[in-house]
Amino acid sequence: MPILAQEIRDLMNARNTRLVLAADFNTISEISNILSLVGNHIFMLKTHIDGIRDFTLDRWMREVVYPAQRAGILIFEDRKFADIGSITKNQMLGHQRIAEWADIVTAHRISGPDLIDGVHMAWAEVGRKGSVVILSQMSSSGNMLDDSYCKKVVESCKEISGVCGFIGNGSDPAGISRLRASVGVEKLILTPGINLDVGKGGMGQRYGHPKEAIASGADAVIVGSGIIGKSNPSEAAGMYARSTMEEM
Ligand code: 6AU
């Protein structure tokens, strides 16, 4: 049985936050440190394992995975899988051993739905379970995930039990509302491209406000630089977490 959207919603309610931290650092100790600083304000820690320069599985498990698990925080590897099913399975079980520690992973729908089976076969092989979040929109300017692609992605994936939700574009509240209308109520919408300072970010990133994203239909927001780039990340994470729980 995969992790269900409802279990993730229950976790958000229990922790009183709809904030996912994008821990976009390139060393294990930086990720371990940010987790200890902001853990109370998040329900999920998002990683890019292929950006870590000093990766060893042993240190990763000891310094990041076990502490997150002890704190009741899910680990979300934003690997954006996009290959055929069998290769995706291999990538889950490769040297980074994603299947052994990630609870949620991202995947593109462009190559077909079989990579979702590949991801779940890898979890089954290591005796674990998880779920997949599919990219249906992106926050980066110039991306090619237009409305018609988004619709096809959602229609083809929203009934799949191994998919718990979709990535939406946090910088476009109207787009999030449209996405919610096609997703329905069951599956999650997670939105990156979120900052209290709305507008343009660096290198094509675009930002919307966390409160507006939630009001438009997002279940949770994904925030990186708005927290990790601040001199007091714990205080910043608290501000984002509260804004996701306030009424509009
Ligand atoms: O808050 P930022 O801009 O510092 O970081 C945004 C984080 C990064 C991106 O890899 C991720 O959000 N992201 C994603 C996903 C799937 O999370 C999709 C997307 O369209 N845009 C985006 O920025 O870790």
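**Ligand site, pocket and selected residues in a predicted model**

D172 is partly exposed, with a relative accessible area of 28%, where partly exposed denotes the range between buried (under 20% relative accessible area) and exposed (over 50%), as evaluated with a 1.4 Å probe on protein chains only. The structure is a predicted model, in which local features need pLDDT of at least 70 and side-chain atom pairs count only at pLDDT 80 or more, whereas totals for chains, interfaces and linings use all residues. Residues are numbered from 1 along each chain as its sequence is written, and side-chain values use heavy atoms, with hydrogens and water left out. D172 itself is found in the loop that joins β6 (163–167) to α8; helices (H or I, at least four residues) and strands (E, at least two) are DSSP runs, numbered from the N terminus. Although D172 and Q137 are 35 residues apart along the chain, their C-alpha atoms are separated by 9.9 Å.

Helix α8 also contains S182, which is buried, with a relative accessible area of 17%. When neighbours within four places in sequence are left aside, S182 is in contact (heavy atoms within 4.5 Å) with V154 and K158. K158 is also among the residues touched by K187, and K187 lies in the loop between α8 (173–183) and β7 (188–191). K187 is buried, its relative accessible area being 4%. Beyond residues up to four places away in sequence, K187 touches A5, R9, K158, I160, S161, V163, C164, G165, F166, R180 and D219. One of these, V163, has its backbone oxygen 2.6 Å from a polar atom of the K187 side chain. This distance falls within the cut-off for a polar contact, which is a pair of N or O atoms within 3.5 Å; within protein, one atom must be able to donate a hydrogen and the other to accept it, and residues adjacent in sequence count only if both atoms are side-chain atoms.

The ligand is surrounded by 16 residues, of which D24, K46, S139, Y207 and S225 are the closest; a residue is near a molecule or strand if one of its heavy atoms lies within 4 Å of it. In the side chain of S139, an N or O atom is 2.7 Å from a nitrogen atom of the ligand. An oxygen atom of the ligand lies 2.9 Å from a polar side-chain atom of H48, and for Q205 a polar side-chain atom likewise lies 2.9 Å from a ligand oxygen atom.

S139 and Q205 appear again in the description of the largest pocket, whose lining comprises 28 residues, with D24, S139, P192, G193 and Q205 nearest its centre. On a 1 Å grid over the protein atoms alone, a pocket is an open set of points where a 1.4 Å probe fits, with protein on both sides within 12 Å along at least five of seven lines, and lining residues have an atom within 4 Å of a point. About 530 Å³ of space lies in this pocket, the volume being the space filled by probe spheres set on the points, which are joined across faces, edges and corners. At least two residues of the lining are supplied by each of β3 (74–81), β10 (220–223) and α10 (225–228). By class, the lining has ten nonpolar, 14 polar and four charged residues, where Ala, Val, Leu, Ile, Met, Phe, Trp, Tyr, Cys and Pro count as nonpolar, Asp, Glu, Lys and Arg as charged, and the others, Gly among them, as polar.

Backbone angles were examined next. Most residues other than glycine have a negative phi. N16, which is not a glycine, nevertheless has a positive phi of about 60°; N16 is placed in the loop between α1 (5–15) and β1 (19–22) and counts as exposed at 51% relative accessibility. M203 also has a positive phi, near 50°, and lies in the loop between β8 (199–200) and β9 (206–207), where M203 is exposed with a relative accessible area of 90%.

P2, in the segment before α1, counts as buried at 13% relative accessibility. Its contacts, apart from neighbours within four places in sequence, are E7, H120, K129, G130, S161 and G162. The C-alpha atoms of P2 and R128 are separated by 9.1 Å, although the two residues are 126 residues apart along the chain. In helix α3 (residues 57–71), R59 is partly exposed, with a relative accessible area of 25%, and its side chain makes a polar contact with the side chain of D54 (3.4 Å).
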